[in-house]
Amino acid sequence: MPDRTQTLSAWIDEVARLAQPDRIQWCDGSEGEWNVLRTDMLERGEILPLNPKTYPNCYLHRSDPTDVARVEQVTYICSRLKDDAGPNNNWMSPEEAHDLYKRLFAGCMRNRTLYVIPYCMGPIDSPWSQLGVEITDSRYVVANMRLMTRMGHAVLKRIQSGEPFVRGQHSLGDLSPDRRYILHYPDENLIQSIGSGYGGNALLGKKCHALRIASWNARQEGWLAEHMLIVGIENPEGQVFYLAAAFPSACGKTNLSMLVPPQSFPGWKVWTVGDDIAWIHVGPDGRLWAINPEAGYFGVVPGTNATTNPNAFRMIQRDTIFTNVAITADREPWWEGLPTGVPATDWRGRPYDPANGPAAHPNSRFTTLAERNPAWSKHTLDPMGVPLTAILFGGRRARLAPLVYEAKSWAHGVLTGCALASETTAAASGRTGIVRRDPMAMLPFCGYHFGDYWAHWINLQNQARELPRIFHVNWFRQNQDGKYLWPGYGENLRVIQWILERCAGRIPAQESPIGYLPKTASDFNLSGLTLDPEAIRELFSVDHEAWIDDFDDLEQFLIAYEPRVPIELKEALQRVQLELSSTS
Ligand code: GTP
Ligand code: SPV
Ligand code: MN
């Protein structure tokens, strides 16, 4: 059994003996350090400067073309018992994984520098924050961790004084897809990642620590680590309500978290607390409180423009690292969804030719500090975070799921999250556009058995005094021609307004077996929108026959998780199935 109290320096020595780097550099997160690192990366061609006039302090990184997304098929949970990882994870025994690691890491840092990155996930003074140290041989990882976490000397001092920390060992290895593994040891608070430099595989504070390891620990400790944005919605009366929303990768979290209210919403403001991860605890008042463990955004670039996401568009005009976008002849970054500009060179560095596919990779990303966002909420820094009024689940569903509906109870809400399904996107390797079940948008990120996870969700009703209401949304419904029925983006505030009215108990709804639906004619604000009446009908309708099939599919899906599926979830499912069949 590895020693969890091993000191930081003893651990670094042990890794260095195996990986054999030329030198070791302890990172302090300072400007001086970044200046040296940047010069080094520019000289080596690891980053390219973008147009300094129009994109000051912005750089382009081109990854290896085989290394552009998360790799779920080689991501493992190495718990002692296979059953504890559950059918939702790949499992490897800790012994086998440690052996594999020793073979893969042996000599992997020869002729390279080993960087030691001390980081903090969460506001520096929060009792709910966690410390970590990532070891890496990738300068791109160091540059990104500077933006995505609170990194540096202050954290190092806390670790050296004995505070617990999560250990992450990362190497680019030889970037060969057959020698690429992302290994998590929840019993040891340890992560080992080799063969990829891509965000979710390599920035270990993010998905590996803040979701997979954290979710495991959260279950033991009675809190939640979720793939959720956190946003504050301020109404014209100046009241702010906080929502958390779980959408699968590349399904709209960043966009919703920094939405700009449409003109028809004078006096409304939107405040971003987080765009990807929420750590949620029961506060002293019995409500759920959320913090964002991250300090920056690693966001999807394609589709971002001054109309869809004006805040993101503004914030990535400076001090940003772009990964795998195209560039114009003027060395400006370019991507699909920009209304102007012409790509000269594609994401791989080739002269742009439409025959080679999109100019920017569909999973090209920006990395930038959260404070650069014009909608950044100062409450991001509050040690206790923000109290949640509602939780939203949503996916990309061309068919079936209406624009919005509300769960009837906490258990029904957990079922609604569990029933989340979405079309796959370019954020993970593999085919895109295939509908898959992705409960709570956590399929790739829950570090333990989904049955235990749903039970943990259900149990919150015994811990909290006042739980948020749960809703399901779908911005991605399409018509027969493949056109989106709903305008999305800023107009999504209309849906949020309905959600807040429901939470305040101010408006009635229409009951259906799947949940409460808006009464569109009276209570859902569609004023100023020109939507085809047929689109409105489709967006708010429930096709009972299709839902019967969907819940039958969910019932089948759950069988793999027995005997750990909580009874409350099965009862909620049966209730919906009964109502559907008796009203169809
Ligand atoms: P991850 O960072 O992978 O977790 O993704 P995310 O959930 O933060 O997704 P993001 O907000 O970056 O959106 C992904 C893609 O969906 C982008 O191309 C957006 O332009 C697009 N998108 C976001 N919101 C909407 C919407 O309301 N309607 C439509 N049609 N597209 C949207
Ligand atoms: C996602 O894939 O959900 C992301 C990007 O947010 S990554 O950091 O690569 O996981
Ligand atoms: Mn994500």
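The space that ligand 1 takes up is the largest pocket in this predicted model. On a 1 Å grid over the protein atoms alone, a pocket is an open set of points with protein on both sides within 12 Å along at least five of seven lines, and a molecule sits in one if more than half of its atoms lie within 2 Å of its grid points. Residues are numbered from 1 along each chain as its sequence is written, with chains lettered from A and ligands numbered from 1 in the order in which they are written. Local features here need pLDDT of at least 70 and side-chain atom pairs count only at pLDDT 80 or more, while totals for chains, interfaces and linings use all residues; side-chain values use heavy atoms, with hydrogens and water left out.

Now for who sits around ligand 1. Its shell has 22 residues, and A250, K253, N255, P302 and R365 come closest (a residue is near if one of its heavy atoms lies within 4 Å). Sorted by class, that makes ten nonpolar, eight polar and four charged residues; Ala, Val, Leu, Ile, Met, Phe, Trp, Tyr, Cys and Pro count as nonpolar, Asp, Glu, Lys and Arg as charged, and the others, Gly among them, as polar. At least two shell residues come from each of α9 (253-257) and β18 (296-300), and α9 chips in the most, with three. Helices (H or I, at least four residues) and strands (E, at least two) are DSSP runs, numbered from the N terminus. Ligand 1 lies between domain 2 (226-295 + 379-583) and domain 3 (296-372), because both give residues to its shell; the domain bounds come from an automatic or database domain assignment.

Oxygen atoms of ligand 1 find several polar partners (N or O pairs within 3.5 Å). One is 2.8 Å from a polar backbone atom of T254. For the side chains, the distance to an N or O atom is 3.0 Å at N492 and 3.1 Å at R396. On its own, ligand 1 has 660 Å² of accessible area, and the protein covers 92% of that (Shrake-Rupley method, 1.4 Å probe).

On to ligand 2, which has 13 residues around it, with R70, Y198, G200, K207 and S249 coming nearest. Four of the shell residues are nonpolar, four are polar and five are charged. Domain 1 (8-47 + 71-221) and domain 2 each supply at least three of them. An oxygen atom of ligand 2 is 2.9 Å from a side-chain N or O atom of R70, and the corresponding distance for the side chain of K207 is 2.6 Å. At G200 the partner is a polar backbone atom instead, 2.8 Å from a ligand oxygen. The protein covers 97% of the 280 Å² of accessible area that ligand 2 has on its own. Two or more shell residues come from each of α7 (199-202) and α8 (205-221).

Away from the ligands, a couple of backbone oddities turn up. E562 and P563 are joined by a cis peptide bond, with omega at about 5 degrees, and P563 lies in the loop between α15 (544-559) and α16 (567-583). N189, although not a glycine, has a positive phi of about 50 degrees; N189 is in the loop that runs between β10 (181-185) and β11 (190-194).

Note on methods. Polar contact = N/O pair within 3.5 Å; in protein donor to acceptor, adjacent residues only side chain to side chain. 1 Å grid on protein atoms, 1.4 Å probe; cavity = no way out; pocket = protein on both sides within 12 Å on 5 of 7 lines; lining within 4 Å.
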